[in-house]
Amino acid sequence: MTTATFTMPVDTPVGRLVLESDGDVLIGLWLPTSGMKARGDGRDAPPVLKDAATQLEEYFARERTGFDIPMELDGTEFQREVWAELLAIPYGETISYGELARRVGRPRGPRAVGQANGKNPIAIIVPCHRVVASNGIGGYGGGLPMKRALLTLEGVTA
């Protein structure tokens, strides 16, 4: 049995994002590169989506450095561990994939944490863009220009 989900588009300086909710919590934030299209314009969206859209607008206006949105991250136990560590990276700071691997107890697993990072279902709010390669910026599901834009917004020179 599938649960009904609700979507809402949000236009931002990095393109149109699509927020997804089960009605109670945020379950997805789709980047423009995902190809995900919102069903409707968001006027009838549940409060959690409207709140997430407002908080994203504040983030892009440099009025917000953290998010307070109920969300559910659906993934494996290891992925959820990685995503929890992403939430601990402060605004305006970056860490390497190697450091992220150490933080989750897998010091020899930077590739594994990189893969988990790439499966993050709630990008930007769960700040996977704050993880960089030891020899440069690294990859990003939304593309390197978007990753650079998000880091620049937060005051990080990439």
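## A walk through the fold, starting at Thr12

The backbone oxygen of Gly15 sits 2.7 Å from a polar atom in the side chain of Thr12. Keep in mind as you look around that this is a predicted model. Thr12 makes a handy starting point, so let's stay with this residue for a moment.

You'll find Thr12 in strand β1. Is it buried or exposed? With a relative accessible area of 15%, Thr12 is buried, because anything under 20% gets that label. If you set aside the neighbours within four places in sequence, Thr12 is in contact with Leu17 and Phe60. Helix α1 also has a residue to look at here: the C-alpha atoms of Glu57 and Thr12 are 7.2 Å apart, even though 45 residues separate them along the chain. Glu57 belongs to helix α1, and at 48% relative accessibility Glu57 counts as partly exposed.

Now turn to Asp11, which is also found in strand β1, the stretch covering residues 6-12. Unlike the buried Thr12, Asp11 is exposed, with a relative accessible area of 55%. Its side chain has a partner, though: a polar contact of 2.8 Å links the side chains of Asp11 and Arg16. For a feel of distances across the model, try Asp11 and Gln79: they are 68 residues apart in sequence, and their C-alpha atoms lie 28 Å apart in space.

Let's follow Phe60 next, one of the contacts of Thr12. Which residues does Phe60 touch once its neighbours within four places in sequence are left aside? The answer is Thr12, Pro13, Val14, Leu17, Ile124, Leu150 and Leu153. Phe60 is also part of the largest nonpolar core, a group of 42 residues. Within that core, Leu19, Leu29, Phe60 and Ile124 touch the most other members.

Where does this core come from? The elements that give it two or more residues are strands β1, β2 (15-21) and β3 (26-30), together with helices α1 (47-60), α2, α3 (97-103), α4 and α5 (144-153). Helix α1 is the top contributor, giving 7 residues to the core.

Ile124 deserves its own stop. Its place is in the loop between α4 and β5, and with a relative accessible area of 0%, Ile124 is buried. There's a backbone detail to spot as well: Ile124 has a positive phi of about 70°, although it is not a glycine. Arg62 also has a positive phi, about 60° in its case, and is not a glycine either. Arg62 is found in the loop between α1 and α2. At 55% relative accessibility, Arg62 counts as exposed, whereas Ile124 is buried.

Next up is a pair of helices. Two packed helices are described by the angle between their axes and by the distance between those axes. Here, the axes of helix α2 (residues 77-87) and helix α4 (residues 110-118) come within 9 Å and cross at roughly 80°. The two helices α2 and α4 are therefore roughly perpendicular to each other. Who makes the contact? From α2 come Phe78, Gln79, Val82, Trp83 and Leu86, and from α4 come Ala112, Val113, Ala116 and Asn117. Sorted by class, the contact of α2 with α4 has 7 nonpolar residues, 2 polar ones and no charged ones.

Pick out Ala112 from that list. Its place is in helix α4, and at 28% relative accessibility Ala112 counts as partly exposed. Tyr97 is 15 residues away from Ala112 in sequence, with 9.2 Å between their C-alpha atoms.

Then move along to Asn120, which is found in the loop between α4 and β5 (131-132). Asn120 counts as buried, at 9% relative accessibility. Leaving aside neighbours within four places in sequence, Asn120 is in contact with Leu73, Trp83, Leu86, Val126 and Cys128. You've met two of these names before: Trp83 and Leu86 are among the α2 residues that make the contact with α4.

One last stop is Asp44, in the loop between β3 and α1. At 77% relative accessibility, Asp44 counts as exposed. How far are the C-alpha atoms of Asp44 and Phe6 from each other? They are separated by 9.1 Å, with the two residues 38 apart along the chain.

How values were computed: Residues are numbered from 1 along each chain as its sequence is written. Side-chain values use heavy atoms; hydrogens and water are left out. Helices (H or I, at least four residues) and strands (E, at least two) are DSSP runs, numbered from the N terminus. Buried means under 20% relative accessible area, exposed over 50%, partly exposed in between (1.4 Å probe, protein chains only). A polar contact is a pair of N or O atoms within 3.5 Å; within protein, one must be able to donate a hydrogen and the other to accept it, and residues adjacent in sequence count only if both atoms are side-chain atoms. Axes are lines fitted to C-alpha atoms, for helices over the stretch in contact, and angles run from 0 to 180 degrees between N-to-C directions. Angles under 35 degrees count as roughly parallel, over 145 as roughly antiparallel, 65 to 115 as roughly perpendicular and the rest as oblique. Contact means heavy atoms within 4.5 Å. Ala, Val, Leu, Ile, Met, Phe, Trp, Tyr, Cys and Pro count as nonpolar, Asp, Glu, Lys and Arg as charged, and the others, Gly among them, as polar. A nonpolar core is a set of buried Ala, Val, Leu, Ile, Met, Phe, Trp, Tyr and Cys residues joined through side-chain atoms within 4.5 Å.
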